[in-house]
Amino acid sequence: MTKTFRQKSGPATLPEPMPRRIEPCVATLVDKPPIGPEWAFEVKWDGYRLAVHVEPGEVRAVTRGGYDWTKKFGAIVSEAHELGHASMILDGEAVVLDEHGRSDFGLLQRAIGKKPSLHDAGEIIFYAFDLLYLDGQDLRMHPLSERRRLLEPIVFGRTSAIRFSEEVHADGDSFFKVACEHGLEGIIAKRRDAPYRSGRRPEWLKIKCTRRDTFVIVGYEPSTMPGVIGRLLLAARKGDGLVYVGGCGTGWSNKESAQLRELLDAIPAARPPVVLRRKSAIFAEPLLVAEVEYRAWTQDGKLRHPSFKGVREMGESPDIHELREQ
């Protein structure tokens, strides 16, 4: 039986039109968790940000960049039909969990990829952490605590493709320490009293256990082994251009390395995307980006001990690392 959301008090209001797309709220990176009872804490999931739009007769899975990936997330879409409401927009993260229950971006990529993998699309889980629209009511101006109160009975207790991203009842420092000890990427802090605003916001904060960013792939250096990559050449944004920030030579298998070379050889650059004098460099058009984990920056502005974690298309990665103007 379909449930209907109604305001708790006050006169009846006309239904508000359901937005076709909502640009997501994005967390700001900080060094330490905030302090105070106004902050709620959750696990930082390592996957694809999705908005699941449920309408009569239709469910859509929309990525952070605005792409319709409904066909890639069939199990999530099927279960969304069963949530008991005529219309809603769920905000959350699509992930694949490893054997320790941790989200792993590499496993997710292989699960939705075209090539054979040990992981399939049926393993993808959508962790819902916000509710933006419900049965004719736009909830974005409601505080997070109210949106979560309405979301919880819809998805709490589910153990299949859609699950509830639960709040962790602990102070931020303690939760962050435990998250890092268990190999998680980090934590998210959100103000309970804040409305939902699109774009990068100070009301949502992310605290990472290790440094991890997205960089543009501008080419590669071949390996001494035939058909594979020795180092990926990476760049960050600076103003309207790209600046070389170093090479990455670890984090992939031989098979993945060969696939990366195949991808980059298919998009050769007419001219180098960055200023870089390396005789062995083979430049590619800056159409792909790499998720990279690293320890720090060197004094000359290069990545220290980078490790490759995954690749995606430029259009799905608005968070490319940006160097500050000096």
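This is a short walk through the salt bridges, the main cavity and two individual residues of this structure.

One caution before the details. The model is predicted.

Salt bridges first. How many salt bridges does a search of the whole structure find? It finds 24. I will take three of them.

Start with R20 and E58. Their closest N and O atoms are 3.8 Å apart. This pair links distant parts of the chain. R20 sits in the segment before β1, which covers 25-29. E58 belongs to strand β4, residues 58-63. The two partners are 38 residues apart. Now accessibility. R20 has 51% relative accessibility, so it counts as exposed, the cut-off being over 50%. E58 has 30%, so it counts as partly exposed.

Second pair: R147 and D130. Their side chains meet in a salt bridge, with 2.7 Å from N to O. Again, distant parts of the chain are linked. R147 is in helix α3, residues 144-155. D130 is in strand β6, residues 125-134. The pair is 17 residues apart. Are these two buried or exposed? R147 is buried, and D130 is buried too.

Third pair: R261 and D265. Here the closest N and O atoms are 3.6 Å apart. Both residues lie in helix α5, residues 254-265. They are 4 residues apart, so about one helical turn separates them. R261 has a relative accessible area of 19%, and the cut-off for buried is under 20%, so R261 counts as buried. D265 is at 40% relative accessibility and therefore counts as partly exposed. One network also deserves a mention: R20, E55, E58 and R60 are joined by salt bridges that share partners.

Next, the cavity. The structure holds 1 cavity of 30 Å³ or more. The largest cavity has a volume of about 80 Å³. What lines the largest cavity? The residues are R21, I22, P24, R49, L50, A51, V62, T63, R64, D91, L132 and Y196. Two elements give two or more residues to this lining: β3, which is 48-55, and β4. Which gives the most? β3 does, with 3 residues. Recall that E58, from our first salt bridge, is also in β4. By class, the lining has 7 nonpolar residues, 1 polar and 4 charged. Among the charged ones are R21, R49 and D91.

Now two single residues.

D98 comes first. Where does D98 lie? In the loop between β5 (88-95) and α2 (105-112). Its relative accessibility is 15%, so D98 counts as buried. What does its side chain reach? The backbone nitrogen of H100, at 2.8 Å.

Last, F41. This residue is found in strand β2, residues 39-43. F41 has 4% relative accessibility, so it counts as buried. What is F41 in contact with, leaving aside its neighbours within four places in sequence? The contacts are P33, P34, E166, E167, V168, A170, D171, G172, F175, I187, I188 and A189. One distance to add, from F41 to R192. They are 151 residues apart along the chain. Their C-alpha atoms are separated by 9.8 Å.

To recap. The search gives 24 salt bridges. R147 and D130 are both buried. The largest cavity takes 3 lining residues from β3. D98 reaches H100 through its side chain, and F41 is buried in its strand position at 4%.

Methods. Residues numbered from 1 in each chain as written. Predicted model: local features only at pLDDT ≥ 70, side-chain atom pairs only at ≥ 80, totals over all residues. Heavy atoms only, no water. Salt bridge = Lys/Arg side-chain N within 4 Å of Asp/Glu carboxyl O. Buried < 20%, exposed > 50% of the residue type's maximum accessible area, 1.4 Å probe, protein only. 1 Å grid on protein atoms, 1.4 Å probe; cavity = no way out; pocket = protein on both sides within 12 Å on 5 of 7 lines; lining within 4 Å. Points joined across faces, edges and corners; volume = space filled by probe spheres on them. Polar contact = N/O pair within 3.5 Å; in protein donor to acceptor, adjacent residues only side chain to side chain. Contact = heavy atoms within 4.5 Å.
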